[in-house]
Amino acid sequence: MTEQQLPSWADPSVSPASLDAQGTSRRHLLRSAGLFGAAFALGSAAAPAAAAGRGFGGDDPRLAYLVGDHHVHSVYSHDAKYLFSQLARAGARYGLDWMVFNEHSNFGHAHYGAKLEHQEILKARAENPRQLIFQGLEWYIPAAEHATVFAAPGPHEVDLLTQFELAYDGKLLGYAEGSAGSPDTARNEAHAVKAIQWLAEQRRTGYVDDVLVLANHPLRLGIDSPHEMRNWRDAAPEIVIGMEGAPGAQGAAIPGWRGTTSIRGEYENKPSAQSWSGYPADAYLTYGGFDWATATVGGLWDSMLAEGRLFSITTNSDNHRTVFDTWKNGDWPAGQNFDNTGKLPDPVNTDTPQPGSDFWPGEFSRTHVGVTRYGYRAVMAGMRAGRVWLDHGHLLDGLDVRIKRDCDFGPGVTLGGRLRVRKGEKLTLSVTVTTASRPNPQGILPELAHVDVIRGAVRGPATDRDAWRAPDTRVVHTQDVSGRKGTYTLRIPLTAGDESFYVRLRGSDGNRHGAGYLGATVDPHGPIPHEPGNGDPWADTWFYANPIFVDVAGG
């Protein structure tokens, strides 16, 4: 499908932060996609002046945000349950504009399921061109965890995925070993890097228009070491763009549901021989539903950002089995199994709640991607550029973040971007929030309580590839926004010091917080773990936004 310029049907006076991300895909686009049609038509998606080396300052285009989920499983995954059509309808119901079906690697999937699913995807795209449906793969990374791999639609999208699956999947090849003492670990880690380089080559040669990789639930098992994550990123930073900041399975610890040891995200594991030994025991938990690597101010995510290189975060449903749903897997006909069909039997309704940890796509977890045009490649370009923020529980209707020099006109630089300044210059961080305008799927009208500004020094490439701390990152400003409604803008003054830095944002409903993992002087009121078995996700919701980098001349 070719990219489409966003139509100009909507009221141009509406703020970009007031986008309604809760309605259906079509209504969302009608309200948001045309907001900045004139700017899009002028081609304002060009790189900021700073990135092009044209002096100081810089401006990014105005954006419409499309809401999506890059981690959804159907009957074409060996451990999931739902029909493709059930999930697509759920995504539309909860306001998703784009979805990625990333089925688990499996010989049945590679030989049969991927092609069968592709036919369903082609049909769905033709019937509803306003819903962007990607085909992907959940890759078992050699020596490590999982990752979402997905390509832009085109004649080779399914061939790319199946070739990749058979040649580079750690489970299919028997390349899962990643413990420090194994002689196979170095080979397996190297194979993961080769896999990423292969994907980059397919994009470079035009075999596919685009392809992206995101690491999934990175600290669930503790087997994604810091050096591996840096190696994947460095192998092709245009391909490996980030990680799940918050995993799926957010309903895993609803009180009285799965058990007294349940944790949000199903982060219920302990270190094993495969785990990287440098992670503390607390790394295997979620904090406010977010992975420890993201939730810890001054932690692993910040240590990567402190190198001055973008590494994005996302959130998603990882839908396999929805909480309180009454469907179960159907029975296999005689002689059939997943290995010889690539597809589970159709589910059957039992009228009785079945085990599950997940929410429907878009029901609880949402990734918002800033685009200048409507289409598949536009979503991928927005993700690559880092124009991404995420929320749980439909905490916000909209968010727009900009930094600019006080001496400059224009909107400034937005999420994922870079602003070039001189030492000592005065800057303004503008945060435009649109609060939730209607109850979320749980019937709660969410209220944002505070916005935190996190600032970290940029020090260049890490000398220690396994470093997971950024000691110069901390919360530098907290704004109490309790009771504020509608659309409002916070203007926070910043000053460029001697060295380059980045800022990122976070906020919550204020229900549960405490001193961050690295102490109150770093993070006085961050997310905290819930009691096992007592993690109502709707009562502890957060938003996170990608960083903006500020490059100080001579810094």
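**Stop 1: helix α3 and its cover**

Start by selecting β1 (64–72), β2 (98–104), α4, β3 and β10 (327–328): in this predicted model, these elements are among those that cover the buried residues of α3. Now add helix α3 itself, residues 84–93, and show its side chains. Which residues of α3 are buried? They are F84, Q86, L87, A88, A90 and G91. Step just past the end of α3 to find G95, where phi is positive, at about 90 degrees.

**Stop 2: helices α4 and α5**

You have already met α4 as part of the cover over α3. Select α4 as residues 107–127, together with helix α5, residues 157–168. Two packed helices are described by the angle between their axes and the distance between the axes. Here the axes come within 10 Å and cross at roughly 160 degrees. Angles over 145 degrees count as roughly antiparallel, so α4 is roughly antiparallel to α5. The crossing of α4 past α5 is right-handed.

To see the contact, show F107, H109, A110, H111, A114, K115, H118 and R125 on the α4 side. Then add E157, V158, T162, E165 and L166 from α5. Try colouring these residues by class: five are nonpolar, four polar and four charged.

**Stop 3: helices α5 and α7**

Keep α5 on screen and add helix α7, residues 185–204. At what angle do α5 and α7 pack? The angle is about 160 degrees, and the axes are 11 Å apart. That makes α5 roughly antiparallel to α7, and α5 passes α7 in a right-handed crossing.

From α5, pick out L160, Q163, F164, A167 and Y168. Their counterparts in α7 are H191, K194, A195, W198, L199 and Q202. By class, this contact has seven nonpolar residues, three polar and one charged.

**Stop 4: G170 in helix α6**

Next, select G170, which sits in helix α6, residues 170–173. Is G170 buried or exposed? G170 counts as buried because its relative accessibility is 2%. Setting aside neighbours within four places in sequence, you can show W139, Y140, P142, Y175 and A176 as the contacts of G170. For a long view along the chain, pick A470 as well: A470 is 300 residues from G170 in sequence, and their C-alpha atoms are separated by 31 Å.

**Stop 5: strand β4 and its partners**

Select strand β4, residues 146–151. How many of the residues of β4 are buried? Six of six are, and the strand is described as mostly covered. In a regular strand the side chains alternate between the two faces of the sheet. Look at β4 from one side to find H146, T148 and F150, then turn to the other for A147, V149 and A151; both faces are covered.

Now bring in strand β3, residues 132–140, which pairs with β4 in the antiparallel sense over five bridges. One pair to highlight is L137, whose bridge partner in β4 is V149. β3 and β4 form a hairpin with five residues between them, and in that turn A143 has a positive phi of about 70 degrees.

Then add strand β5, residues 211–216: β4 and β5 pair in the antiparallel sense over six bridges. V149 stands opposite V213 in β5.

**Stop 6: two residues in one loop**

Move to the loop between β6 (240–246) and β7 (286–287), where A249 is found. E266 lies in the loop between β6 and β7 too. Phi of A249 is near 55 degrees, a positive value in a residue other than glycine. Phi of E266 is also near 55 degrees. Show the surface around each: A249 is buried, with a relative accessible area of 5%, whereas E266 is partly exposed at 32%.

**Stop 7: an open sheet**

Finish with the sheet of three strands in the order β14-β16-β19, which is open and has antiparallel pairing. Which strands stand at the edges? They are β14 (396–405) and β19 (487–495); each has a single partner strand, so one side of each is left without a neighbour in the sheet. From one strand to the next, the twist averages 15 degrees.

Zoom in on β14 and strand β16, residues 426–435, which pair in the antiparallel sense over nine bridges. Select I403 and its bridge partner in β16, L429, as your last view.

Conventions:
Residues are numbered from 1 along each chain as its sequence is written. This is a predicted model: local features need pLDDT of at least 70, side-chain atom pairs count only at pLDDT 80 or more; totals for chains, interfaces and linings use all residues. Side-chain values use heavy atoms; hydrogens and water are left out. Axes are lines fitted to C-alpha atoms, for helices over the stretch in contact, and angles run from 0 to 180 degrees between N-to-C directions. Helices (H or I, at least four residues) and strands (E, at least two) are DSSP runs, numbered from the N terminus. Angles under 35 degrees count as roughly parallel, over 145 as roughly antiparallel, 65 to 115 as roughly perpendicular and the rest as oblique. A crossing is left-handed if the near helix is turned anticlockwise from the far one by less than a right angle, and right-handed if clockwise. Contact means heavy atoms within 4.5 Å. Ala, Val, Leu, Ile, Met, Phe, Trp, Tyr, Cys and Pro count as nonpolar, Asp, Glu, Lys and Arg as charged, and the others, Gly among them, as polar. Buried means under 20% relative accessible area, exposed over 50%, partly exposed in between (1.4 Å probe, protein chains only). Two strands pair if DSSP finds at least two bridges between them.
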